[in-house]
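Biologist: I would like to learn how to read a structure like this one. Could you take me through it feature by feature?

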Amino acid sequence: MAPVKIAVMGAGLIGKRHAVHVRAEPSAVLSAMIDPAPTGQAFAEEIGVAWYPAFDALPASQRPDGVIVATPNQLHVANGLELVSAGIPMLVEKPLADSVDSARKLVQAAEAANVPLLVGHHRRHNPMIRKAREAIETGRLGRILTLNGQFWLVKPDDYFDVDWRRQEGAGPVLINLIHDIDLFRYLCGEITGVQALSSNAVRGHPAEETAVAILRFASGALGTVSASDTVVSPWSWELTTGENPAYPRQDQSCYQIGGTHGSLTIPALELWSHTDKRGWWEPLKRERIPFVPEDPLQAQIRHFCAVIRGEEEPLVSGREGLATLAVIEAVKLAARSGAPVEIAPEPALAKASA
Ligand SMILES: NC(=O)c1ccc[n+]([C@@H]2O[C@H](COP(=O)([O-])OP(=O)(O)OC[C@H]3O[C@@H](n4cnc5c(N)ncnc54)[C@H](O)[C@@H]3O)[C@@H](O)[C@H]2O)c1
């Protein structure tokens, strides 16, 4: 089988990692880096791959089979629409767009043109998350009633030397919590309403530093999640999963999911349940669900290749990316207004699940 040709648009922090992972995937070749910046050109030269300043500069002979869009958030929709017009399957980094309204335009265009769109919520590709979902779906926790999630870490002071990182929209809600919310939806189903508060008590930048949200799921389950980039702590996905070796890994968990018959910690995958009947005097059993680790960014590339070949449907479709972004917008609105926010299902989503 001929390898699929993948081009990466945006040679920044994550685009460079995608390039490495595409090269490590036996069924793919990295055909080009697309980035107007001199740093993008330098990176392409360094790794010995063709460079183009823009997608429309690619000659027809260089047409890729798929493109990874790893540009700044506000460009995702324009970049994605170009690919829809060209009929090229895409993997668009999270967040799908900088607003639900603009994300919807891309999703609708891709659907109308029947062009596959995969959203880069790569944590869903983590084998540990697949095991957690399996435990929930097979009823090992009983009926899910509540979850608790934490994204608590401290970003270094010089992270904020870059102007956009101090501005509204660059705080942990859109940048980080979106990953956690996407997993909560994947594990526990649709979120239909939120309440939230946020604060910028220490740095005082327009971007929030800390946010707390209460979530209501369609199933009736309730969740709480808190996010702060100003707290020294081991309790975040980044520091507990070992997914990115740049973070010092801690043997802790950042999520707990509770049901009528058991509770699960993530990423430790410790399942707590009663051996016999339920009750607070009864002995509790603690078992660790085994899984074989794999870098989820690598697994995501393998899946993208299968999507390009038409062998698999996107695990995180455009609609999924849109629904996760809608929860994030609701958290921001709830924190701003102080009032609860209901999240209406996307009309097309409601139709699809009917
Ligand atoms: N999945 C994850 O865990 C993860 C991690 C980091 C970033 N991201 C997402 O990836 C995207 C990029 O983030 P980043 O941190 O790599 O940003 P970055 O600023 O490091 O890189 C963006 C790159 O895009 C290039 N670019 C700008 N305009 C372009 C255009 N029109 N065409 C092609 N390239 C263009 C820039 O020159 C730059 O090299 C964002 O949407 C971000 O949210 C996801």
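Biologist: Which strands form a hairpin with three residues between them, starting with strand 11?

Modeller: Strands here are DSSP runs of E with at least two residues, helices are runs of H or I with at least four, and both are numbered from the N terminus. Two strands pair if DSSP finds at least two bridges between them. In this case, strand 11 and strand 12 form a hairpin, with three residues between them. Strand 11 covers residues 255-259 and strand 12 residues 263-266, and they pair in the antiparallel sense over four bridges. One such match is isoleucine 257, whose bridge partner in strand 12 is leucine 264. Before we go on, this is a predicted model: local features need pLDDT of at least 70 and side-chain atom pairs count only at pLDDT 80 or more, while totals for chains, interfaces and linings use all residues. Residues are numbered from 1 along each chain as its sequence is written, and side-chain values use heavy atoms, with hydrogens and water left out.

Biologist: How many bridges join strand 12 to strand 13?

Modeller: Two bridges join them, and these strands run antiparallel. Serine 263 stands opposite tryptophan 272 in strand 13. The hairpin of strand 12 and strand 13 has three residues between the strands, and leucine 269 takes a positive phi there, near 55 degrees.

Biologist: Is tryptophan 272 buried or exposed, or something in between?

Modeller: The general idea is a scale: buried means under 20% relative accessible area, exposed means over 50%, and partly exposed lies in between, using a 1.4 Å probe and protein chains only. Tryptophan 272, in strand 13 (residues 270-274), has a relative accessible area of 28%, so it is partly exposed. For contact, we ask for heavy atoms within 4.5 Å. Not counting residues up to four places away in sequence, tryptophan 272 touches several residues, including His261, Gly262 and Leu284. Tryptophan 272 and glutamate 287 are 15 residues apart in sequence, yet their C-alpha atoms are 6.6 Å apart in space.

Biologist: Why does glutamine 150 count as buried?

Modeller: Its relative accessibility is 13%, so glutamine 150 counts as buried. Glutamine 150 lies in strand 7 (residues 144-152). Leaving aside neighbours within four places in sequence, its contacts include Trp235, Trp237 and Tyr255.

Biologist: In what order do the six strands of the open sheet come?

Modeller: The order is 3-2-1-4-5-6, and the pairing is parallel. At the edges are strand 3 (50-52) and strand 6 (117-119), each pairing on one side only. Within the sheet, strand 1 (residues 4-9) and strand 4 (residues 66-69) are joined by four bridges, and alanine 7 stands opposite valine 67. As a general rule, side chains in a regular strand alternate between the two faces of the sheet.

Biologist: How many residues surround the ligand?

Modeller: There are 22, counting a residue as near if one of its heavy atoms lies within 4 Å. The closest are Leu13, Asp35, Asn73, His76 and Lys94. A polar contact is a pair of N or O atoms within 3.5 Å. A polar side-chain atom of aspartate 35 is 2.6 Å from an oxygen atom of the ligand, and for the side chain of asparagine 73 the distance to a ligand oxygen is 2.5 Å. Histidine 122 has a side-chain N or O atom 3.3 Å from a nitrogen atom of the ligand.

Biologist: Where does histidine 122 lie?

Modeller: Histidine 122 lies in the loop between strand 6 and helix 5 (127-137). With 11% relative accessibility, histidine 122 counts as buried.

Key. A polar contact is a pair of N or O atoms within 3.5 Å; within protein, one must be able to donate a hydrogen and the other to accept it, and residues adjacent in sequence count only if both atoms are side-chain atoms.
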